[in-house]
Amino acid sequence: MAFGRLERSDLPKPMGEINMTPLIDVMLVLLVIFMITAPLMSSSLRMDLPQSAAGTPSDAPQFLAVAITPDGSLYIGDSKVGPAEFQVRIKAQAQARPDTEVQLRADKAAPYGQVAELIGWVQAGGLNRIAFVTETPAAP
C-alpha cells in the first residue's frame, strides 16, 4: 500500500489581481462619514443675500426714506437730521404707523459700523421692516 505525500511540491502562484472588496468597504465607510458630517460643516447663519440687479422698488403702502452719507450724515427724506432727532422721529413714526417700511439708502463708502448703528436705532424705535435700496447696474 503506497501512500502519497501530503505536501505539495510546487508553491502556490501569487495572485495577479487586486482584491476590490476591502477597497469598496473603505470607500462606503468614508461616504457615510462625509454624508453625516457635511451638514454640520455648513455655517449656522443662513443668509439669503439679494442680487442688486434683480432689486426692484417695493410696493409698500407707507415707507420712510432714510439715507446715510460717507461722512455719517443722516437724512430722513430730503432733510438732514442729527442722531438724537433721527431717533425721536423714528419713534414717532413707529407709534403713528408701526407697519411702516424703512427704505435705507447707504452710500458705498459709508462705514459699516455707522450703517449697523443706524439699523439698531430703527429697530429700537419700533420699526422692523427695513429695505436696502440699490441701483441696478447699467446694461452692457
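How do the axes of H2 and H3 cross, and within what distance do they come? Keep that question in mind while you walk through this model, which is predicted, because the answer is easier to see once the strands beside these helices have been found.**The whole chain**

Begin with the whole chain in a cartoon view, where you can pick out three helices and five strands, and where following the sequence from its start gives the pattern α-β-β-β-α-β-α-β. If you switch to a surface view, the accessible surface comes to about 11500 Å², with 61% of that belonging to carbon and sulfur atoms. Of the 140 residues, 18% count as buried. Among the contacts between residues with a separation of 6 or more, 73% join residues that are 24 or more positions apart.

**The sheet**

Next, select the five strands, which form an open sheet in the order S3-S2-S1-S4-S5, with mixed pairing. At the edges stand S3, residues 79–81, and S5, residues 129–132, and each has a single partner strand, so one side of each is left without a neighbour in the sheet. Looking across the sheet, you will find a twist that averages 30° from one strand to the next.

Strands of a sheet pair through backbone hydrogen bonds, in either the parallel or the antiparallel sense. To see an antiparallel pair here, select S2, residues 74–76, which is joined to S3 by three bridges, and then pick Tyr-75, whose bridge partner in S3 is Lys-80.

**The helices on the sheet**

Now add H2, residues 83–96, which packs on the sheet and touches S1 (63–68), S2 and S3, while its direction makes about 110° with that of S3. Then add H3, residues 112–125, which also packs on the sheet and touches S1, S2, S4 (101–106) and S5, its direction making about 170° with that of S4.

**Strand S1 and its two partners**

Return to the sheet and select S1 together with S4, which pair in the parallel sense over six bridges; in this pair, Leu-64 stands opposite Val-102 of S4. On the other pairing of S1, three bridges join S1 to S2, and these two strands run antiparallel, with Val-66 standing opposite Ile-76 of S2. Follow the chain through the hairpin of S1 and S2, where five residues lie between the strands, and stop at Gly-72, which takes a positive phi near 95°.

**Where H2 meets H3**

With the strands located, select the two helices again and return to the opening question: the axes of H2 and H3 come within 8 Å and cross at roughly 40°, and the crossing is right-handed. Show the side chains that make this contact, which are Pro-83, Phe-86, Gln-87, Ile-90, Lys-91 and Ala-94 from H2, together with Leu-118, Trp-121, Val-122 and Gly-125 from H3. Sorted by class, the residues of this contact are seven nonpolar, two polar and one charged.

**A last stop at Arg-89**

Finally, select Arg-89, which lies in helix H2. Is Arg-89 buried or partly exposed? Its relative accessible area is 34%, and since buried would require a value under 20% and exposed a value over 50%, Arg-89 is partly exposed. Leaving aside residues up to four places away in sequence, Arg-89 touches Ile-76, Ser-79 and Val-81. Measure from C-alpha to C-alpha in your viewer, and Arg-89 and Ile-76, which are 13 residues apart in sequence, are 8.7 Å apart in space.

Key
Residues numbered from 1 in each chain as written. Predicted model: local features only at pLDDT ≥ 70, side-chain atom pairs only at ≥ 80, totals over all residues. Heavy atoms only, no water. Pairing = 2+ DSSP bridges. Helix = DSSP H or I, 4+ residues; strand = E, 2+ residues; numbered from the N terminus. Axes fitted to C-alpha atoms, helices over the stretch in contact; angles between N-to-C directions. Contact = heavy atoms within 4.5 Å. Left-handed = near helix turned anticlockwise from the far one by under 90°. Nonpolar A, V, L, I, M, F, W, Y, C, P; charged D, E, K, R; others polar. Buried < 20%, exposed > 50% of the residue type's maximum accessible area, 1.4 Å probe, protein only. Areas by Shrake-Rupley, 256 points an atom, 1.4 Å probe, with all protein chains shown as cover.
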